[in-house]
Amino acid sequence: MTGYAIVLASGRLERLQAVGNIAAIAAASEVPVDVFATMDGLEAFDSETIANGDFEMGPIGEAMMAAEDVDMALFTENLERAKTLGDITVYACELSMDILGKELSEYDDVIDDVLGVAGFLKAAEDKQVIFV
């Protein structure tokens, strides 16, 4: 194994935060990470969704968003910081974008490129795949 390939299909804030944390720690540990944002996981990267804080969330997510005494970076900020620490690439799912009729410019800048499933599987062939 030469790193992690994370398939992020959930738009739930708690899972998004977990992926951001895992990716940042892996990158800081010099472990390469590819994140493939697809389905609802991709829509969480929509610039408007981020600006409005309009995420699906449970009690933990609600507590994270409401906490005033805890300095917790949003998943996109964690992923951006992770890129300064190590080898991490964030991909948007081409099929999800096509279905929604969206362009890469409508998503947060932390996304590096667009890939289809076949392209992601090729990039992930030597990595441990984690599905979130």
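1. A starting point for a reader new to this predicted model is leucine 95, which is found in helix H6, the helix that covers residues 94–100. Leucine 95 joins Ile99 and Leu100 in making a nonpolar patch on the surface, with an area of about 320 Å². A general tendency is worth keeping in mind beside this patch: in soluble globular proteins, nonpolar side chains tend to be buried together.

2. The interior can be taken next, beginning with the largest nonpolar core, which has 30 residues, and in which Val35, Phe45, Phe55, Phe75, Leu79 and Ile111 touch the most other members. The elements that give two or more residues to this core are the strands S1 (4–8), S2 (33–37) and S3 (88–93), together with the helices H1 (13–28) and H5 (75–85). Helix H1 supplies the largest share of the core, namely seven residues. Apart from this core lies another one, of eight residues, and among them are Ala5, Tyr91, Leu115 and Ala124.

3. Phenylalanine 55 deserves a closer look, as one of the residues that touch the most other members of the largest core. When its neighbours within four places in sequence are left aside, phenylalanine 55 is in contact with Leu13, Leu16, Ala44, Thr49, Ile50, Met65, Leu74 and Phe75. Phe75, in this list of contacts, is itself named with Phe55 as touching the most other members of that core.

4. Charged residues also call for attention, and a search of the whole structure finds eight salt bridges. In one of them, arginine 12 pairs with glutamate 56, with the closest N and O atoms 4.0 Å apart. Arginine 12 lies in the loop between S1 and H1, whereas glutamate 56 lies in the loop between H3 and helix H4 (59–66), so the pair ties together parts that are 44 residues apart in sequence. Arginine 12 is partly exposed, at a relative accessible area of 28%, and glutamate 56 is likewise partly exposed, at 46%. This pair also belongs to a network of salt bridges in which Arg12, Glu14 and Glu56 are linked.

5. The salt bridge between lysine 102 and aspartate 46 brings the closest N and O atoms to 2.5 Å, and both of these residues are buried. Lysine 102 is placed in the loop between H6 and strand S4 (113–115), and aspartate 46 in the loop between H2 and H3, so the pair ties together parts that are 56 residues apart in sequence. For aspartate 46 the relative accessible area is 9%, and the two helices on either side of its loop are H2 (39–43) and H3 (47–52). Leaving aside neighbours within four places in sequence, aspartate 46 is in contact with Glu106 and Tyr107 as well as with Lys102.

6. A further salt bridge joins the side chains of aspartate 34 and lysine 127, at 3.4 Å from N to O. This pair links distant parts of the chain, since aspartate 34 is in strand S2 and lysine 127 is in the loop between H7 and S5, 93 residues apart. Aspartate 34 is buried, having a relative accessible area of 7%, and lysine 127 also counts as buried, at 17%. The loop that holds lysine 127 runs between helix H7 (117–123) and strand S5 (128–131). Besides its polar contact with the side chain of aspartate 34, the side chain of lysine 127 reaches the backbone oxygen of alanine 123 at 3.3 Å.

7. Two backbone angles should be checked with some care, for as a general matter most residues other than glycine have a negative phi. Glutamate 30 has a positive phi, near 65 degrees; this residue is found in the loop between H1 and S2, and it is exposed, with a relative accessible area of 72%. Methionine 39 likewise has a positive phi, near 50 degrees, but its place is in helix H2. The relative accessible area of methionine 39 is 51%, so this residue counts as exposed, the cut-off for that word being over 50%.

How values were computed:
Residues numbered from 1 in each chain as written. Predicted model: local features only at pLDDT ≥ 70, side-chain atom pairs only at ≥ 80, totals over all residues. Heavy atoms only, no water. Patch = residues over 30% accessible without salt bridge, like charges linked within 9 Å, V, L, I, M, F, W, Y side chains within 5 Å. Areas by Shrake-Rupley, 256 points an atom, 1.4 Å probe, with all protein chains shown as cover. Helix = DSSP H or I, 4+ residues; strand = E, 2+ residues; numbered from the N terminus. Core = buried A, V, L, I, M, F, W, Y, C linked by side-chain atoms within 4.5 Å. Buried < 20%, exposed > 50% of the residue type's maximum accessible area, 1.4 Å probe, protein only. Contact = heavy atoms within 4.5 Å. Polar contact = N/O pair within 3.5 Å; in protein donor to acceptor, adjacent residues only side chain to side chain.
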